Amino acid sequence: MKKFLIAGMARSGTTTLGEILVSAGYDMWREPCRLKSRVKIQQYQGYQHLFNGVHYTPHGTLDFTDYSQEYTTNFMGKFFKHKDGIKHIINGTQVRITSGLVRAANRHKAAVIFMYRRNVWDSILSMMLAKETGIWQLINNGYDDLENCRSQFMQKLDNVVIDHRAFVKFLKAAHKDATKTYNEISRVNVDMAVYAYEDLYCDNEDRRRQQLNDILKFLEVDESKLDWEYTDKIYTKPTIKQTTSEVLEKITNINKLTPIKEKYSDFCTLDFE
């Protein structure tokens, strides 16, 4: 299997793809650029040497912003000696970080997967619902209790009100961040595959399986290592979207959110095909 970097928008399916690879025995580091403080880093026993000289943001997270490309490349080189891949969530303040990670991945002959959502409006609603309910995935609880988790999610939606002004703010930022990041990393001559959430989580089960097979082939994954029962449970078979029509009907002020699609249409969709 190739070493890999999965970089993507929030709510674009990066976590599920990462969990599938982890279930096959591959060692993935989840969002190292968002680790909280030195205390959190101590949990990665045996890897502290990777953080020699690391700076921290005022929020206590790792800060790669001021580092040279050489530093990031060396960091990734040390990293890939111990682990198979990284999952990294993009945002506007980290375009340089993401670009640096992509260039470093390329230097170490790692594959890069970029994931996004065509329907940005949908992704922002999903994010804000997750914040309101505290349920970020419908496949929590060890991925073994989908229906119970879905039921809890629906119950927590009672009387939910989404701040529509914040919604617009997040919508514009997400569109800008994803566009800026994609434009930057697409200039790098790197082994990169681009996938939209809407393709990976389409309604057709056979199509979803084919999309996954394409990713596994791209990463040169030994499919015999995959736990297909687990993979079918969390990806191939269930409908795990949090923004179904049933959910929309429960949002108290949905009438303030739907007009945003028309009023801010330039920010509601992306297409990096």
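Over how many bridges do strand 1 and strand 6 pair, and in which sense, parallel or antiparallel? In this predicted model, strand 1 (residues 4–8) and strand 6 (residues 111–116) pair over five bridges in the parallel sense.

**Close-up 1. The pairing of strand 1 with strand 6.** Ala7 has Phe114 of strand 6 as its bridge partner. The bridges between residues 4–8 and residues 111–116 number five.

**Close-up 2. The open sheet and its edges.** The sheet is built from five strands in the order 2-5-1-6-7, with parallel pairing. Strand 2 (28–30) and strand 7 (192–196) stand at the edges; each has a single partner strand, so one side of each lacks a neighbour in the sheet. From one strand to the next, the twist averages 20°.

**Close-up 3. Helix 7 against the sheet.** Strand 6 pairs with strand 1 in the parallel sense. Helix 7 (residues 164–185) packs on the sheet and touches strand 6 and strand 7. The direction of helix 7 makes about 155° with that of strand 6.

**Close-up 4. Helix 9 across the strands.** Helix 9 (residues 205–219) lies across strand 1, strand 6 and strand 7. Relative to strand 6, helix 9 runs at about 150°.

**Close-up 5. Cysteines Cys202 and Cys268.** With a cut-off of under 20% relative accessible area for buried residues, Cys202 counts as buried because its relative accessibility is 17%. Cys268 is also buried, at a relative accessible area of 6%. With a disulfide taken as a pair of cysteine sulfur atoms within 2.5 Å, the count of disulfides is zero.

Note on methods: Residues numbered from 1 in each chain as written. Predicted model: local features only at pLDDT ≥ 70, side-chain atom pairs only at ≥ 80, totals over all residues. Heavy atoms only, no water. Pairing = 2+ DSSP bridges. Helix = DSSP H or I, 4+ residues; strand = E, 2+ residues; numbered from the N terminus. Axes fitted to C-alpha atoms, helices over the stretch in contact; angles between N-to-C directions. Contact = heavy atoms within 4.5 Å. Buried < 20%, exposed > 50% of the residue type's maximum accessible area, 1.4 Å probe, protein only.
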